[in-house]
Amino acid sequence: MNSHDQFRELLEAYAIGSLDSADRALLEAHLASGCVECAKALEEARWLVSQLAYLAPNAEPSDLLKGRLLQTVRAEAAGSPARPQAVRGAEVPWWLWAGVAALLLFSVYSAWNEQHLRNAVANLQLQVEAQRTERLKLEQQLLAAKMQAHEAMIWSDPKSVKIKMPPKDPNMPQLEAMWHPEMGLVVRGWKVPSPGEKRVLQLWLIPKKAGGKPMPSVTFWPDADGTFTAMVENPPHALSDTQALAVTEEPMGGSPQPTSAPMWVGGVS
Amino acid sequence: MFLAVFSPKGNDEVSLDATLMQQLLRRDVSAFEELYERHSRIVYSLVLRILRQGSTAEEVVQDVFLQLWRNSARYDTSRPFVPWLLTLARNRALDHLRLKSERQRRREEQTEELPQIASAAPEYEKVLDEKRRAERVRALIGSLPSAQKKAIELAYFEGLSHSEIAAALNEPLGTVKSWIRNGLMRLKESLQATS
């Protein structure tokens, strides 16, 4: 196998973005050298990788999203500059030409001025939009940091009660929960398999009161590593009124009452 | 030139997208609305699969379509539209994911390649309609051994590198590399197949 063939073998991984930095640097240097064959093969690999999008489970965005988008687009279209019109010539007296020329000059200046102002407004809008996006990102980071700090406080505070949630299936990992009487409840899991397609995991609070129904709480998914952290800042029952925590698998969006047998249950002591 | 199933519908769909994009250059809102109707579901499905949170996914889809509207002049209408749009959506969603987890800078460098992405499509894109291609992609990837399928999903939907995937799956690096390449090669063969 020559070096060119070795580069060809890296193209799919480069297109999907999984090449480690050393291989990526080598391939990029080869592409930068002007290899037409590899450049063409890379374009095809990128197309192929884009087809993996069809592996995503079908889902539909809300009508609100379409409404918001169209509102923005219509507003921006209304502010678009008009297309320049062609000017036809005709036989007219010189003084009329002079008037027309003056008017034309004025129109051109007005159009230029209007265009200039529109561009300025468009630039300002772009700047506002960029700042809005940046602010949203910062807010998200701040929120995530606050959540993490809150979780850490619950997890480390001596007033928190630790609840072990053994699985019903011995092949599944155990979950752990920590419940603080004022700060709320955190449930964590590691190496937890993903629920089925269009399914989520849901937390339930089982009341101590005889005949009391399980109270629905948050829904969550483990990430690719099987790790998750679910936090309930204001549990519907107090710690002292709760007999146990349970986790079931439910349809996307969660259920008002359990539709499947609990996969994990942990008694609250 | 690849062999492929002839389907006039596939070709029509490609040229309809190109026509709509040309209309978008003239700030035609109805063309934008039609492009949204045609492609918002797959874009949203992809972004939701990556981010796993409906509200964030809608925010990213909104960004993607606004970028389409505002930067339509930067799109070359002679080139395939849907792969370009899907790549744009995937990169935007992975950017969000990276923001959350502050994952490595590797993807930031790749984001800059956006204008070149999917700049040419193989012949079979023009002759297999979207629905049939989607069926073939799902069938082929679904037929792979579960660990190989997982490796491809981690690369595509989570944006992980070979090394990260090897660590996550506790498999040798070489095995992961082979899984991803062979899986994509099999997908390519499946999309080229005549039946």
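**Reading rings, helices and cores**

Tutor: Let's start with two residues you can find right away: Phe81(B) and Trp84(B) are both buried. Keep in mind that this is a predicted model.

Student: Where do Phe81(B) and Trp84(B) lie?

Tutor: They sit in helix H4 of chain B, which covers residues 81-101. The two are three residues apart, about one turn of the helix. Here is the general idea: an α-helix has 3.6 residues a turn, so residues three or four places apart point the same way.

Student: How many aromatic pairs does a search of the whole structure find?

Tutor: Over all chains, the search finds seven aromatic pairs. To read one, look at the ring centres and at the angle between the planes. For Phe81(B) and Trp84(B), the centres are 6.2 Å apart and the planes meet at 40°, so this pair is tilted. For Tyr156(B) and Phe157(B), the centres are 5.0 Å apart and the planes are at 75°, so that pair is edge-to-face. The angle to remember is 60 degrees, since planes over that value count as edge-to-face.

Student: Are Tyr156(B) and Phe157(B) buried or exposed?

Tutor: Buried means under 20% relative accessible area. Tyr156(B) has a relative accessible area of 2%, so it is buried. Phe157(B) is buried because its value is 0%.

Student: Which residues do ring pairs link into a cluster?

Tutor: Look for Phe32(B), Tyr36(B), Phe65(B) and Trp69(B), which ring pairs join into a cluster. Rings can also have a charged group over them. The charged end of Arg27(B) sits over the ring of Trp69(B), 4.1 Å from its centre. Another case is Arg49(B), which lies over the face of Phe157(B) at 4.4 Å from the ring centre.

Student: What is the phi of Arg27(B) near?

Tutor: First, the general idea: most residues other than glycine have a negative phi. Arg27(B) has a phi near 60°, a positive value in a residue other than glycine. You will find Arg27(B) in the loop between helix H1 (8-25) and H2 of chain B. With 28% relative accessibility, Arg27(B) counts as partly exposed. Arg52(B) is another residue to look at: its phi is positive, about 60°, although it is not a glycine. Arg52(B) lies in the loop between H2 and H3 of chain B.

Student: How many helices and strands are there in chain B?

Tutor: Chain B has ten helices and zero strands. Of its 195 residues, 53% are buried. For contacts in chain B with a separation of 6 or more, 69% come from residues 24 or more positions apart.

Student: Which residues have the most contacts inside the largest nonpolar core?

Tutor: That core has 83 residues, and those with the most contacts inside it are Leu52(A), Val47(B), Phe65(B), Leu68(B), Phe81(B) and Ile180(B). H2(B) gives the most to this core, with twelve residues. Another core lies apart from it and has 21 residues, including Met165(A), Leu175(A), Val187(A) and Phe228(A).

Student: What does Phe65(B) touch?

Tutor: Leaving out residues up to four places away in sequence, Phe65(B) touches Leu69(A), Phe32(B), Leu35(B), Tyr36(B), His39(B), Ser40(B), Val43(B) and Leu85(B).

Student: Leu69(A) brings me to chain A. Which residues of H5(A) are buried?

Tutor: They are Leu65(A), Leu69(A), Leu70(A), Val73(A), Glu76(A) and Ala77(A). These residues cover an arc of only 130° around the axis, which puts them on the same side of H5(A). On the other side, Asp63(A), Leu64(A), Gln71(A), Ala75(A) and Ala78(A) are exposed. What covers the buried residues of H5(A) includes two helices of chain B, H2 (29-51) and H3 (54-70).

Student: How many residues does helix H5 of chain A have?

Tutor: H5 of chain A has 16 residues, running over 63-78. From its first C-alpha to its last it reaches 22 Å, close to the 22 Å expected at 1.5 Å a residue. Try the same reading on helix H4 of chain A (residues 36-50): its 15 residues reach 21 Å, close to the 21 Å expected. Among the buried residues of H4(A) are Cys38(A), Leu42(A), Trp47(A) and Val49(A).

Student: Can we end with a serine? Where is Ser190(B) found?

Tutor: Ser190(B) is in helix H10 of chain B, which covers residues 173-192. Its relative accessibility is 18%, so Ser190(B) counts as buried. Not counting residues up to four places away in sequence, Ser190(B) touches Arg136(B) and Leu140(B).

Key:
Residues numbered from 1 in each chain as written. Chains lettered and ligands numbered in written order. Predicted model: local features only at pLDDT ≥ 70, side-chain atom pairs only at ≥ 80, totals over all residues. Heavy atoms only, no water. Helix = DSSP H or I, 4+ residues; strand = E, 2+ residues; numbered from the N terminus. Expected span 1.5 Å × (residues − 1). Buried < 20%, exposed > 50% of the residue type's maximum accessible area, 1.4 Å probe, protein only. Arc of directions from axis to C-beta. Contact = heavy atoms within 4.5 Å. Phe/Tyr/Trp six-rings, centres within 6.5 Å; stacked < 30°, edge-to-face > 60°. Lys NZ or Arg CZ within 6 Å of the ring centre and 35° of its normal. Core = buried A, V, L, I, M, F, W, Y, C linked by side-chain atoms within 4.5 Å.
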